[in-house]
Amino acid sequence: RAGVKESSVTQVHLHEQLASTNTEAARLGMPWALVLAEHQVGGKGRLGRRWSEAPRAGLAMSVLVPTPPGALGWVPLLTGLALHQAVRAVTGLDTAIKWPNDLLAQSGAKLAGILCELTPAGIVIGAGLNVLHSRDELPVPTATSLALELGPGAAPDRTDLVIAYAGALSAVLNAQHAGGADAAGERAAYRRACTTIGARVELSDGTGRARRVEVEAVDDDGRLVVRDASGRPEHVTAGDVHHVRV
Ligand code: BT5
């Protein structure tokens, strides 16, 4: 990738307790410093929702990266790809990416969520991953953890996951920055791992209104291309999808 400066995580800030690693990464304002918390007590989800953690069971990780030129819509999606790759590299588990970036187990239960926030200093990329949780430690019935998915005796090492994620995140973002075939390769990898493409889903726009649509693709801006009953294609930037089983 001649001429493109490669970036990667340069520092790790490990906190015993924080309200939100995203808030701390924004406050710190240091590009590529990875902020971790053993216990995140005020975790933020998307659209004003909450992300719940059990102490020392999950991973809450945030990093501020300089805002890349163009293609901003792909940053949250490629973050999902990086986490998917890290989980596979460390545990062998093949997770499904639900657009834009939830990681689901094969059962459809949620393993991880991602929140990207645009700030004047750059994009704060936050990821929450359920690692060691027992059933009782999970906040909602729709959640699962890597330990539960892998079964007894196979609890993955959280440090290994942090290292794999930091490496994968810098690799996908550097490739996106390089453009051309590198960027196209990452987008193709995302599309392969994203099980929302080709699915029939309930699409809600955050106001509680939901409709059933068919998903055709993720376009070059990272938007979902859907078709409703009228057959008219539409490009969706934000919202929630629920995979519908048929
Ligand atoms: C997300 O939101 O999935 C994004 C979560 C991002 C969390 C990370 S942790 C590090 C960084 N710092 C932060 O403050 N945030 C980021 P959303 O799609 O809105 O999903 C939230 C919903 O998922 C909640 O309303 C619950 O129903 C459910 N949920 C909450 N905690 C969960 C968990 N640990 N596992 C699975 N589902 C959970």
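How far is an oxygen atom of the ligand from an N or O atom in the side chain of Ser20? In this predicted model, the separation between these two atoms is 2.7 Å. A second side chain, that of Gln40, places an N or O atom 3.0 Å from a nitrogen atom of the ligand. The backbone also takes part: an N or O atom of the Lys44 main chain is found 2.7 Å from a ligand oxygen atom. Of the 800 Å² of accessible area that the ligand has on its own, 91% is covered by the protein.

The ligand occupies the largest pocket of the model. Its surroundings comprise 27 residues, of which Ser20, Lys44, Arg49, Lys110 and Asn130 are the closest. Classified by residue type, this shell contains 12 polar, 9 nonpolar and 6 charged residues. Several elements of secondary structure contribute at least two shell residues each: helix α1 (21-28) and the strands β3 (43-44), β4 (50-51), β5 (58-65), β8 (110-119) and β9 (122-130).

A further position examined was Ala166, which belongs to helix α4, spanning residues 158-178. The relative accessible area of Ala166 is 16%. Because this value falls under the 20% cut-off, Ala166 is classed as buried. Ala166 and Arg211 are 45 residues apart along the chain, and their C-alpha atoms are separated by 37 Å.

Notes: Residues numbered from 1 in each chain as written. Predicted model: local features only at pLDDT ≥ 70, side-chain atom pairs only at ≥ 80, totals over all residues. Heavy atoms only, no water. Near = heavy atom within 4 Å. Polar contact = N/O pair within 3.5 Å; in protein donor to acceptor, adjacent residues only side chain to side chain. Areas by Shrake-Rupley, 256 points an atom, 1.4 Å probe, with all protein chains shown as cover. 1 Å grid on protein atoms, 1.4 Å probe; cavity = no way out; pocket = protein on both sides within 12 Å on 5 of 7 lines; lining within 4 Å. Sits in = over half its atoms within 2 Å of the grid points. Helix = DSSP H or I, 4+ residues; strand = E, 2+ residues; numbered from the N terminus. Nonpolar A, V, L, I, M, F, W, Y, C, P; charged D, E, K, R; others polar. Buried < 20%, exposed > 50% of the residue type's maximum accessible area, 1.4 Å probe, protein only.
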